[in-house]
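Work through these short exercises with the coordinates open. Each task is followed by its solution.

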Amino acid sequence: MTTNLTIPELPDETIRLAERITLADLLDSPVTRADTVSMISNVIRHGGDYAPLKGEDDTLLELDLFRVHQSVDADTRNALFQHLRDRRGHGNR
């Protein structure tokens, strides 16, 4: 499978608004926690797909995300992923 490496830019206004929100905010909130852990897992799992686009800052960001990911124990990650499956109506798949 070939990944399309044309990643659309986001508007400056979107980035400006997002600067007020931290990863810690997203992980701390029960409303966003499961989706945020899932997002981090996906970034780590698919990071190699974006090797041609990565600069040094991207590599350091990915390393920081990996460390955050590793700090969440497997039982908690599994419970969060199960929550997402349940919410999406996929049960125990």
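**Exercise 1.** What should helix α3 (residues 33-46) span at 1.5 Å a residue, and how far apart are its end C-alpha atoms?

*Solution.* The model is predicted. Start with the count: α3 has 14 residues. The expected span is 1.5 Å times one less than that number. This gives 20 Å, and the end C-alpha atoms are 20 Å apart, so the two values agree.

**Exercise 2.** List the buried residues of α3, then find which helices they pack against.

*Solution.* Apply the cut-off: buried means under 20% relative accessible area. In α3, A34, T36, V37, S38, I40 and S41 are buried. Next, look for their partners. These buried residues pack against α2 (23-28), α4 (56-71) and α5 (74-87).

**Exercise 3.** Locate Y50, classify its exposure and identify the surface patch that includes it.

*Solution.* Y50 lies in the loop between α3 and α4. Its relative accessibility is 32%. Partly exposed covers the range between 20% and 50%, so Y50 counts as partly exposed. Together with I7 and L53, Y50 forms a nonpolar surface patch. The accessible area of the three together is about 260 Å².

**Exercise 4.** Describe the whole chain by its elements, burial and contacts.

*Solution.* Count the elements: 5 helices and 0 strands. Their order from the N terminus is α-α-α-α-α. Now take burial: 16% of the 93 residues are buried. The accessible surface is about 7,300 Å², with 56% belonging to carbon and sulfur atoms. Finish with contacts between residues at least 6 apart in sequence: 56% of them join residues at least 24 apart.

Terms used: Residues numbered from 1 in each chain as written. Predicted model: local features only at pLDDT ≥ 70, side-chain atom pairs only at ≥ 80, totals over all residues. Heavy atoms only, no water. Helix = DSSP H or I, 4+ residues; strand = E, 2+ residues; numbered from the N terminus. Buried < 20%, exposed > 50% of the residue type's maximum accessible area, 1.4 Å probe, protein only. Contact = heavy atoms within 4.5 Å. Patch = residues over 30% accessible without salt bridge, like charges linked within 9 Å, V, L, I, M, F, W, Y side chains within 5 Å. Areas by Shrake-Rupley, 256 points an atom, 1.4 Å probe, with all protein chains shown as cover. Salt bridge = Lys/Arg side-chain N within 4 Å of Asp/Glu carboxyl O.
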